[in-house]
Amino acid sequence: VSIFLRQELSGLPREYHVVSLGSAELGRRAATFRFDLDQGTQSAASPNAIDVLFDVRPAVPVTLVVRDEDDEPAIAAFTVRDEHGGIQPAQALRTGADFRFQRHVYRADGETLWLQPGHYTVECAHGPEYVDTHTELDVAPPGSSATASTKTPAETPVNPGVSGGLGSRAEFRVRRWIDPARLGWWSGDHHVHAAGCAHFKFPGVGVTPSDVLRHTRGEDLKMALCLTWGVGWDFQRQFFTGAADVHSKAPFFLRYDLEVSGFGSQRSGHLCLLGLKDQDFNAGHDIVDWPVLGLATLRWAKAQGAVTGTAHSGLGLAVDTEEFPNFVVPPFDSVGANEFVVDVTHDVADASGALVPAVDFYGVADTPWRWELNLWYHVLNVGFRPRLAGETDFPCLTDQRVGAGRSYVHIAGEPSMAAWIAGLAAGRSYVGDGRSHLIDFSVDGVAAGDRDLALDGPKKVAVRVTAAALLPLEPDARLAALSSREAPYWHLERARIAGTREVDVECVVDGKVAATQKLVADGTPQALTFDVAIAHSSWIAVRILPSCHTNPVFVTVGGAPLRASRASAEFLLQCVDRCWSQKARFFTTPETLAEAAGAYEHARAVYRARLAETPADR
């Protein structure tokens, strides 16, 4: 086994690194540790080698009983630490769905954990809608008994938890604090990968659909879209079927689709293409032959009825201000929602030939929230309607777990992947980290994603939402010390009002806070009403920043189009020019350069027209 130090040395006179090795064979074994700087530095006189003798002891198979709130079998995430703080099972020896880059493993009811006899602490988790439990577990040698006890936060009921057995059995019950699905709100993450990024650290081309489903079920994530991209393309593409994967079983659904990343128009900003019927732009050609203009890719996807959106939107939109919203033009120098500022102005033909917006949704929750939301707010202010969608980009922007960023989509009937994708595109949803929820948001009875609220003239409207959030009694000092540019970017702890267990629930009109109410984050749902005055056509949303955000309800007053801000239109014009200054060099043929220049000029013309339509006092 060769182990390479991937980071620079610290410069200290002596540095220590821990090497963890294991064996699948029992008994007395020997290992030789040999150290060298590079080929040619070895010496017969000084071999730089140490022989170590050790005993490999048998592990004990601990059978797990894992049940949910309905006493049904479940899958949970188990983080197991030994008395020295080491992670078990050893990360270096993991295979399949037990990812080496994660501390936890997922186990279903009736499955086993192989552990050495000893004392362990076990964290059992089942996604953000559940309360994590912490357990002390003593594993005795084979033939002996084991004991275990459960510790839960003081404000929660004691989990019936773990029971000792004949040295080989432990029981866990996962407990909900909220269940949006029973109210018709189905969680999903549209941006998951089975290959690449964290997988780069280990050999192979990624994992299989059953492995992905183990993770989504372990996080109680109902819908997951596993996006094939440039890395592992030839292997992963076999799982695309144009429908839900055959391993899906209600209420957990998996579908394979596509992220334009690692090829084609990626430099314009990565694109998530959902609900595809065909994943090959040019049949029989390699992915290097895809177009370099994002709009061309969007035309191809929409022509087959796909739902399209941006990925990790904040990349390339970094600005040096905490003001929000703001008018600082970002660099547009990366692969987030960069060319989105152009694409959102275009209509393209769908499968029936009708013209529809080129972009349906705007991916958030995996980059700094101010960077993400700022551009989206300005685009809404000039009358465009891309919907928010929560994503994780697992295991790239985060390798912690799937569903760290989620969309909760309202489905009126039986849940399905097709219904979830359609609801995502329509905006019948809210997004967030799952630690807070904004359910049944409506304005004068009109829900997000249903229809516009039409008013004859200016008036006050009633904004209603059921809000719920769960914070621990004591704040997390580590999270509080992080800047907004450090992950996790969306996390309820960041919304905590200092010195309290409360968060602000804000009603937003055209990007500005119109009303605020405080919510005790003890997990109890609260029905909130805001009365806000609407003077002209506007968009209205509710948020708990940076943890949860609804999609908008659009209000038309006197039939006028939504033109909320001249400053937003002027800002977006500047953004088009800045984006062109960064992206033009990637169009390397006269044909592609002319096509791109025309797309950008179209965007400028649209923004100029909307600026001219916006009254001088806005």
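**View 1. Val443 meets its bridge partner at the end of an open sheet.** In this predicted model, Val443 has a bridge partner in strand S26, and that partner is Val446. Strand S25, covering residues 436–443, is joined to S26 by 2 bridges, and the two strands run antiparallel. Step back a little and you will find the open sheet they belong to: 4 strands in the order S26-S25-S28-S31, with antiparallel pairing. The edge strands here are S26 (446–447) and S31 (526–534), each of which pairs on one side only. As background, the strands of a sheet pair through backbone hydrogen bonds, either parallel or antiparallel.

**View 2. A disulfide links Cys197 with Cys396.** The structure holds 1 disulfide, and here it is: the sulfur atoms of Cys197 and Cys396 lie 1.9 Å apart. The link between Cys197 and Cys396 is right-handed, with 90° about the S-S bond. Cys197 sits in the loop between S14 and H1, while Cys396 sits in the loop between strand S22 (387–390) and strand S23 (406–410), so the pair ties together parts that are 199 residues apart in sequence. For readers new to the term, a disulfide is a covalent bond between the sulfur atoms of two cysteines. Both partners are partly exposed: Cys197 has a relative accessible area of 22%, and Cys396 has one of 25%.

**View 3. Cys226 and Cys124 are buried cysteines.** Why does Cys226 not bond to Cys396? The closest cysteine sulfur to that of Cys226 is the one in Cys396, but it is 11 Å away, too far for a bond. Cys226 counts as buried, at 1% relative accessibility. Cys124 counts as buried too, with a value of 2%.

**View 4. Helix H1 is mostly covered.** Helix H1 runs over residues 209–218, and 7 of its 10 residues are buried. These buried residues are Pro209, Asp211, Val212, Leu213, His215, Thr216 and Gly218. What do the buried residues of H1 pack against? Their surroundings are strands: S4 (75–82), S6 (105–108), S8 (118–125), S14 (185–192), S15 (223–228) and S16 (253–260). After the helix comes Asp220, whose phi is positive, near 50°.

**View 5. Arg255 is a buried arginine in strand S16.** Arg255 lies in strand S16, one of the strands that the buried residues of H1 pack against. Is this arginine buried or exposed? At 6% relative accessibility, Arg255 counts as buried. A polar atom of its side chain lies 2.9 Å from the backbone oxygen of Gly242. Leaving aside neighbours within four places in sequence, the residues in contact with Arg255 include Cys226, which appeared in View 3, along with Phe240, Asp245, Met417 and Ile421.

**View 6. Helix H8 begins with a serine cap.** Just ahead of the helix, Ser565 caps the N-terminal end of H8, with a side-chain oxygen 3.3 Å from the backbone nitrogen of Ala567. H8 covers residues 566–583, and at 1.5 Å a residue its 18 residues should span 26 Å; the end C-alpha atoms are 26 Å apart, which agrees. Among the buried residues of H8 are Phe571, Leu572, Leu573, Val576 and Lys583, together with the cysteines Cys575 and Cys579. Which helices help to cover the buried residues of H8? The cover includes H4 (340–343), H5 (369–381) and H9 (590–613).

Technical notes:
Residues are numbered from 1 along each chain as its sequence is written. This is a predicted model: local features need pLDDT of at least 70, side-chain atom pairs count only at pLDDT 80 or more; totals for chains, interfaces and linings use all residues. Side-chain values use heavy atoms; hydrogens and water are left out. Buried means under 20% relative accessible area, exposed over 50%, partly exposed in between (1.4 Å probe, protein chains only). Contact means heavy atoms within 4.5 Å. A disulfide is a pair of cysteine sulfur atoms within 2.5 Å. Two strands pair if DSSP finds at least two bridges between them. A polar contact is a pair of N or O atoms within 3.5 Å; within protein, one must be able to donate a hydrogen and the other to accept it, and residues adjacent in sequence count only if both atoms are side-chain atoms. The expected span of a helix is 1.5 Å times one less than its number of residues.
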